Amino acid sequence: MKTDPIYIFRKTWATYQKVISNNLMFHKEILTAVRELLETRPGPLNVLDLGCGDATHIGKMLNPGQVAEYCGCDLSPYALDVARKNLEPFGTSVKLLCRDMVAVLREAPANHFDVVYSGYALHHLSLEEKQTFFTESRRTLRKNGQIILVDVMREEEQLLPAYHDSYNGAVATHWEALTPDEQDQVQEHIRNCDFPETPTDLQKLAGNAGLTSSRRLEKQTWHEAWCYQA
Ligand SMILES: C[S@@+](CC[C@H](N)C(=O)[O-])C[C@H]1O[C@@H](n2cnc3c(N)ncnc32)[C@H](O)[C@@H]1O
């Protein structure tokens, strides 16, 4: 049976909040780089956030006046409850859906969004679903629209088992802010549910969708931020 990739997020959002508050996945550096890009887009923007979690960071990357519409989706109802609070300054422009991100993307209107954002969620999808992510994002983006992808990525040439070993090694040595039980849960989640691609493979998927311009915004170990556009 396939392991539920969001079990850990449904059951223990508090562990992920600990990961964020101790900057274990470099949210701070990534947030700075993405905010710099978003500052060049005064808006008002239509934003689609896939796997939005509790929206802590997107809420800090965008100013309320910059957003015409924010649509976030996530499969964790607990995270969405927190997101609702975090996004209060954005008022009525916010729509939150407890739904699968691929399904939401397939139903999104054509030529509608200025930004499709996804933070640390894409690596849970299969390769075919990742292609769908780029293809459907391109369809729903307006002219000059951008995909901003924050995710874990394998080093070029690094195979998945080697990635799992290295990342879990880093969890064992550097994630001492988590209890041993929490570390075990995270390592199990990584081994069973994380399928990151290399930056080059993601560029190929984006290219297949006609998104031929791409640039890296930030890289901290396996944690990267990229922008793709037509
Ligand atoms: C590591 S958290 C990231 C949350 C937030 N975007 C951030 O950057 O901090 C990954 C989130 O993706 C969600 N997720 C995973 N697979 C999903 C899917 N197929 N559809 C919607 N949400 C999904 C999980 O529930 C979880 O909230």
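Two strands are taken to pair if DSSP finds at least two bridges between them. In this predicted model, strand β1 (residues 45-50) and β2 meet that criterion with 6 bridges in the parallel sense. One of the positions along this pairing is D49, whose bridge partner in β2 is G72. On the other flank, β2 is joined to strand β3 (residues 94-97) by 4 bridges, and these two strands also run parallel; C71 stands opposite K95 in β3. The connection from β2 to β3 passes through helix α5 (residues 77-86), and the three elements make a right-handed β-α-β unit. Strand β2 (residues 67-73) is largely enclosed by the rest of the structure, because 5 of its 7 residues are buried.

These strands belong to an open sheet of 7 strands with mixed pairing, arranged in the order β3-β2-β1-β4-β5-β7-β6. The edges are occupied by β3 and β6 (213-220); each has a single partner strand, so one side of each is left without a neighbour in the sheet. Direction ignored, neighbouring strands of the sheet are turned against each other by 15 degrees on average. Helix α3 (residues 27-38) packs on the sheet, where it touches β5, β6 and β7 (223-229), and its direction makes about 150 degrees with that of β6.

Further along the sheet, strand β4 (residues 113-119) pairs with strand β5 (residues 141-152) in the parallel sense over 6 bridges, and S118 has L149 of β5 as its bridge partner. The pairing of β5 with β7 is antiparallel and comprises 6 bridges, with V150 placed opposite A225 of β7. Strands β6 and β7 are likewise antiparallel, joined by 7 bridges; R216 has W226 of β7 as its bridge partner. The two strands form a hairpin with 2 residues between them, and T221 in the turn has a positive phi of about 45 degrees.

The ligand is surrounded by 18 residues, the closest being G51, G53, M101, G119 and A121. By residue class, the shell around the ligand consists of 10 nonpolar, 6 polar and 2 charged residues.

Residue A55 lies in the loop between β1 and α4 (58-61). A55 counts as buried because 24 C-beta neighbours fall inside 10 Å, the threshold for a buried residue being 20 or more. Beyond its neighbours within four places in sequence, A55 is in contact with D49, G72, A83, N86 and L87. Of these contacts, G72 is 17 residues from A55 in sequence, and their C-alpha atoms are 8.2 Å apart.

Several backbone features were also identified. Most residues other than glycine have a negative phi, and most peptide bonds are trans. A cis peptide bond, with omega of about 5 degrees, joins G43 and P44; P44 is situated in the loop between α3 and β1. Y120, which is not a glycine, has a positive phi of about 50 degrees and is located in the loop between β4 and α7 (127-140). With 22 C-beta neighbours inside 10 Å, Y120 counts as buried. E157 also has a positive phi, near 75 degrees, in a residue other than glycine. E157 is found in the loop between β5 and α8 (160-174) and counts as exposed, since 8 C-beta neighbours lie inside 10 Å.

Notes
Residues are numbered from 1 along each chain as its sequence is written. This is a predicted model: local features need pLDDT of at least 70, side-chain atom pairs count only at pLDDT 80 or more; totals for chains, interfaces and linings use all residues. A residue is near a molecule or strand if its C-beta atom, placed from the backbone, lies within 6 Å of it. Ala, Val, Leu, Ile, Met, Phe, Trp, Tyr, Cys and Pro count as nonpolar, Asp, Glu, Lys and Arg as charged, and the others, Gly among them, as polar. A residue is buried if 20 or more other C-beta atoms lie within 10 Å of its own, exposed if 12 or fewer, and partly exposed in between; C-beta atoms are placed from the backbone. A crossover is right-handed if, with the strands pointing away from the viewer, the path from the first strand over the helix to the second runs clockwise. Axes are lines fitted to C-alpha atoms, for helices over the stretch in contact, and angles run from 0 to 180 degrees between N-to-C directions. Two residues are in contact if their C-beta atoms, placed from the backbone, lie within 7 Å.
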